[in-house]
Amino acid sequence: MMELTGICREYVVGAETVHALDHVDVRIGAGEYVSIMGPSGSGKSTLLNVLGLLDRPTGGTYRLQGEDVSHLDDDALAAHRQRHIGFIFQFFHLIPRLTALENVELPLVLAGAAPRARRERAAAILESVGLKARLGHRPDQLSGGERQRVAIGRAIIMQPSYLLADEPTGNLDTRSGGEIMQILEQLNRDGIAVLIVTHDPAIGERARRHLKLRDGKIVADLGEK
Ligand code: ADP
Ligand code: MG
């Protein structure tokens, strides 16, 4: 369970304070499939980054799997992230000089897994996302849809409970975007909670629960809880 209570994220810019998140209360349970929509600047990325432990709230409480993670230092946040959370981004954020296989196995390298075991696991994951024939390709030798599939592989190799996706189809053509959605939905059927930020209503509709943000506040929360 991800449980936010009174979460605020303020940015001070010069003399102004931006309330990117303004007292957000929400709980997201294991295995949910949630879309997060709202106008540009409404706080979608900030919310996902806080939920994904890439950013710290400036106020409120965040309990992740029962533990208060609101005030942890960077190392502790990284440890929780490694254990619970996978993240994918609109622009993939792969490491350019590493192959698809090396990008996917990277989290296992950092976790200290043995070379052979991590290579086999990364290869199996890439095969499961349809990239068996691309293991040795670097990101610049892959299409956008293929890069996003590599990014998904990297995001799930540590078997997270939550997969967070910030506009994962925003940089893809419709067909590649559809393939990415099918992969995310299969992972959700396998039990991973999927949270997706999108401004595409057709994609947002596919989720079972729909959060709407405006001015840093959740203004609608519809569907299955
Ligand atoms: P969205 O993803 O919905 O487009 P964001 O979460 O990126 O919105 O941003 C929410 C608000 O916070 C916006 O007003 C944005 O300008 C502001 N913001 C985001 N990041 C920063 C930052 N690093 N410094 C200052 N303001 C920021
Ligand atoms: Mg955003």
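In the predicted model, six strands assemble into an open sheet with mixed pairing, in the order β6-β7-β8-β3-β9-β10. The edges are formed by β6 (85-89) and β10 (217-223), each of which pairs on one side only. From one strand to the next, the twist averages 15°.

At the β6 edge, strand β7 (residues 162-166) runs parallel to β6, and the two are joined by five bridges. One of the residues concerned is F89, whose bridge partner in β7 is D166. Two helices are associated with this part of the sheet. Helix α2 (residues 74-84) packs on the sheet and touches β6 and β7, its direction making about 90° with that of β6. Helix α5 (residues 144-156) also lies across β6 and β7, but runs at about 165° to β6.

At the other edge, strand β9 (residues 209-214) pairs with β10 in the antiparallel sense, over six bridges. The bridge partner of R214 in β10 is K217. The two strands, β9 and β10, form a hairpin with two residues between them. D215, in the turn, has a positive phi of about 50°.

Within β10, D221 provides a local view of this edge. With a relative accessibility of 26%, D221 counts as partly exposed, because the value lies between the 20% limit for buried residues and the 50% limit for exposed ones. D221 and H210 are separated by 11 residues in sequence, yet their C-alpha atoms are 5.6 Å apart in space. Residues up to four places away in sequence being left aside, D221 touches V26, R209, H210 and L211. Of these contacts, R209, H210 and L211 fall within the range of β9, residues 209-214.

Helix α5 was examined further with respect to its length and burial. At 1.5 Å a residue, its 13 residues should span 18 Å, and the end C-alpha atoms are 19 Å apart, which agrees. Of the 13 residues of α5, 11 are buried, so the helix is largely enclosed by the rest of the structure. The buried residues are G145, E146, Q148, R149, V150, A151, I152, G153, R154, A155 and I156. They pack against β6, α3, α4, β7 and α6 (174-189); the surroundings of α5 thus include both strands and helices.

E146, a residue of α5, has a relative accessible area of 13% and is therefore buried, the limit for this class being under 20%. When residues up to four places away in sequence are not counted, E146 touches L131 and R134.

Helix α4 (residues 115-128) offers a second case in which length and burial can be considered together. For its 14 residues, a rise of 1.5 Å a residue gives an expected span of 20 Å; the end C-alpha atoms are 20 Å apart, which agrees. The buried residues of α4 are R118, A122, I125 and L126. Because these residues cover an arc of only 100° around the axis, they are placed on the same side of α4. An α-helix has 3.6 residues a turn, so residues three or four places apart point the same way. The exposed residues R116 and S128 are carried on the face of α4 turned away from its buried side. The cover over the buried residues of α4 includes α3 (100-110) and α5. Beyond the helix, α4 is followed by G130, whose phi is positive, near 80°.

For the chain as a whole, seven helices and 10 strands are present. A compact globule of 225 residues would have a radius of gyration near 17 Å; the value for the chain is 17 Å, which agrees. Along the principal axes, the C-alpha trace spans about 50 × 40 × 35 Å. Of the 225 residues, 48% count as buried. Among contacts with a separation of 6 or more, 69% are accounted for by residues 24 or more positions apart.

Definitions and conventions
Residues numbered from 1 in each chain as written. Chains lettered and ligands numbered in written order. Predicted model: local features only at pLDDT ≥ 70, side-chain atom pairs only at ≥ 80, totals over all residues. Heavy atoms only, no water. Pairing = 2+ DSSP bridges. Helix = DSSP H or I, 4+ residues; strand = E, 2+ residues; numbered from the N terminus. Axes fitted to C-alpha atoms, helices over the stretch in contact; angles between N-to-C directions. Contact = heavy atoms within 4.5 Å. Expected span 1.5 Å × (residues − 1). Buried < 20%, exposed > 50% of the residue type's maximum accessible area, 1.4 Å probe, protein only. Arc of directions from axis to C-beta. Rg over C-alpha atoms; globule rule 2.2 N^0.38 Å.
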